[in-house]
Amino acid sequence: MDMITVKNLIKTYSNGEVETRVLKGIDLTIKEGEFIAIMGKSGAGKSTLMYQMGLLDIPTGGSIVVDGVDILNLTEMERTDFRLKQLGYVFQDYALVPELTALENVTIPLLMEGVSTEEADERGRNALVQLGLNNKESNRPNQLSGGEQQRVSIARAIVQNPKILFADEPTANLDSVSSESVLEALVSLHKQGQTIVMVTHETEYTRECDRIIYLVDGKIDHEKKQ
Amino acid sequence: MILKRRLQKFQTSLSVGWLLARRQIGRGNFWINTLIIGIMTLTFLSLVVISGILVGLLEGSFQANREQYSGDVFITTLADESNIKITGKIADTLDSLPQVENYSIRYKKGATIEAGYLDRRDFSVLSNSVGVNVVGVDIEKEEALTNLSQSLIEGELISSDESGYIVLGATFIKRYSNFSDLFEPLDGVYVGDRVKVSVTGRNIGVDRTPDLTGGDTAGANIQEFIVKGIVQSKVDEVSVSAFITDADYRRLTGNTDLRAQEIAIKKARGYSDLELKTILESYDFGAFAKIQTAEEAIPKFLDDIKETFALLGTAIGGIGLIVSAITIFIVIYINALTRRKFIGILKGIGISGAAIEISYILQSIFYVVVGSLVGAVIVYGLLIPVIAANPIDFPFSDGILVAKPVPTLIRFLVLFFITTIAGYFPARFIVQKNTLDSILQR
């Protein structure tokens, strides 16, 4: 089953009179349960592509269908709700809220979904345990290492069982040991059937991916199945 | 169904907003929180204290007027009458009423007081004299009602069994008078000096001493008094009067009909001014005298000034309110701007804009409530008692701080509303920005 279908996707950024076309007609299909890596040089448009598929940005042209929903027809509120219920994100710089504990960072999407505090706490703890963060639930982000923060970020992304997990250079700020642990976590999720789209420029971390898509200058140059 | 879903959505936004607000306040920068609360406290104080002091200027004057002159209920002559015809009947009634603690009957008449007449050698120059209101009172009753002895700045009060003594208001004594540029007060008068009091009216020859008249008070009743004391008060009626005993007054003026000009009454505990006034009116005294509560007895122009001061205080407080609204706007805006990335992330992971906006509204509410509470503690726990114990010394009154609960509550609600709005708009402005732009801070 197709989880994401992208057709002729165009994204242009305007800066005054200067227009920069970052995506120049992308066609892409991602199947349910696939682990995809998007690679390319800096400025190739890999993050921009992920932002469009992840509903964090609005494309200039083309269409994106996620889990059967044409996301360009959604209102801003519907997009927010869709992100909450269907998508999970892992950002390069972890993007945890500094005033919240690890557990609170993980449970806040559940609370927004209307889950009771008790259930949210239980599910949040399970997610943290799943990522090897036992006894770290009360720690605030500044009391955690980079790798631990990124794993909290992954726990937050998966806690409400999203259809797709987007990871934007999840290992870019981490040392090799932490990077391996984060990658292991993603691989483990993939093995449980999670659809994952990961943007990276580090080839060594794409070894477990089902497919690698290479972008060059806003277009898909080629792809490699593994 | 849609309404129910929206209500549920709002409830979840509220609970998430509450969590975010609690954490941002509790785990945010202590000094920023203190600064914002400090600003709210100062704004609250500027709203309540400035107008409170301005109103208190006159309120202090009214209070002094009540305590030192009018009492709680004040009976005076009707506009077209020169005295209260049924003074005796009123006095008998007042004696029988449990609502009355005490009262003082005052007999008043215009008089001339002359000093230094024994040493006067040159009759071509004006005599050392001044026009006053001579007031005849039962000294003990007046003292019980107005605590007249507290206003003494020299000498002492006349005893009830004494005769031939006078207590002069300081306004008529040159060394104390602030009005010596308007009229010529008595010069060189001290306690123990003799003064000559003359009133015009029926000559009954009481203590008439022709050689003391000096030729300039012909046809008047004249009596010599010894100055027993000098009184000074911020209540003008005290400082511009000359007090003698009611017996001396009768001898001086020849008025033996016991018809007074004023009756000041102090109510007993547990009764209101209005209750006492209503009781007195029920005896039909209103047909013979003007009965007013202390508040009603305040001249209308003073009441107008009081309202003007209140308005002025509100206007000044209003400026403080605007400054505070702008400050809160800037502080919340900067706070939201520096947290723009996290606002973007929260939106990115599906937290609704409403929940984020609510978190900022709740933070504003926290700041205004805590700031106002601190302000209220300062006003009611510190400033009011301290100023009441040590009134501000203004030329015409002992200023107190007036902060009645209802107007204070209204000012708080205005502050609450303005602050909430000032906290909401910057948050909304940031939340409305593109999610990705916020995350990438571009």
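Reader: Are helix α3 (residues 102-113) of chain A and α1(B) roughly parallel or roughly antiparallel to each other?
Author: This is a predicted model, in which local features need pLDDT of at least 70, side-chain atom pairs count only at pLDDT 80 or more, and totals for chains, interfaces and linings use all residues. Residues are numbered from 1 along each chain as its sequence is written, while chains are lettered from A and ligands numbered from 1 in the order in which they are written. The axes of α3(A) and α1(B) come within 8 Å and cross at roughly 155 degrees (axes are lines fitted to C-alpha atoms, for helices over the stretch in contact, with angles from 0 to 180 degrees between N-to-C directions; helices are DSSP runs of H or I of at least four residues and strands E runs of at least two, numbered from the N terminus). Angles under 35 degrees count as roughly parallel, over 145 as roughly antiparallel, 65 to 115 as roughly perpendicular and the rest as oblique, so α3(A) and α1(B) are roughly antiparallel.

Reader: Which residues of α1(B) meet α3(A)?
Author: Contact is judged by C-beta atoms, placed from the backbone, that lie within 7 Å. By class, this contact has five nonpolar, two polar and no charged residues (Ala, Val, Leu, Ile, Met, Phe, Trp, Tyr, Cys and Pro are nonpolar, Asp, Glu, Lys and Arg charged, and the others, Gly among them, polar). From α3(A) come I108(A), L111(A) and M112(A), and they meet T12(B), S15(B), V16(B) and L19(B).

Reader: Which element gives the most to the side of chain B that touches chain A?
Author: In total, 21 residues of chain B are in contact with 18 residues of chain A. The elements of chain B giving two or more residues are α1 (2-26), α9 (340-348) and α12 (435-440). The residues on this side of chain B divide into nine nonpolar, nine polar and three charged. With seven residues, the element that gives the most is α1(B).

Reader: Within chain B, how do α2(B) and α11(B) lie: roughly parallel or oblique?
Author: The axes of helix α2 (residues 30-70) of chain B and helix α11 (residues 405-431) of chain B come within 10 Å and cross at roughly 140 degrees. That angle makes α2(B) and α11(B) oblique.

Reader: Which residues of α11(B) make the contact with α2(B)?
Author: By class, five nonpolar, three polar and one charged residues take part in the contact of α2(B) with α11(B). The side of α2(B) is M40(B), T43(B), F44(B), L47(B) and V48(B), and that of α11(B) is T408(B), R411(B), L415(B) and T419(B).

Reader: How many of the residues of β9(B) are buried?
Author: A residue is buried with 20 or more other C-beta atoms within 10 Å of its own, exposed with 12 or fewer, and partly exposed in between, the C-beta atoms being placed from the backbone. E262(B), A264(B) and K266(B) point one way from β9(B), and I263(B), I265(B) and K267(B) the other way. The strand is largely enclosed by the rest of the structure, because the buried count is six of the six.

Reader: In β9(B), which residue is the bridge partner of Y103(B)?
Author: Two strands pair if DSSP finds at least two bridges between them. Strand β1 (residues 73-76) of chain B pairs antiparallel with β9(B) over four bridges, and F74(B) stands opposite A264(B). Strand β2 (residues 100-115) of chain B also runs antiparallel to β9(B), joined by six bridges. There, the bridge partner of Y103(B) is I265(B).

Reader: Which are the edge strands of the open sheet of chain A?
Author: This open sheet of six strands has the order β6-β7-β8-β3-β9-β10, with mixed pairing. Each edge strand pairs on one side only, and these strands are β6 (87-90) and β10 (219-225) of chain A.

Reader: In β9(A), what is the bridge partner of M39(A)?
Author: Strand β3 (residues 35-40) and strand β9 (residues 211-216) of chain A pair in the parallel sense over five bridges. At one of these positions M39(A) is matched with Y214(A).

Reader: Is N147(B) buried or exposed?
Author: N147(B) lies in the loop between α4 (139-146) and β4 (152-155) of chain B. Its phi is near 55 degrees, a positive value in a residue other than glycine. With 11 other C-beta atoms within 10 Å, N147(B) is exposed.

Conventions. Two residues are in contact if their C-beta atoms, placed from the backbone, lie within 7 Å.
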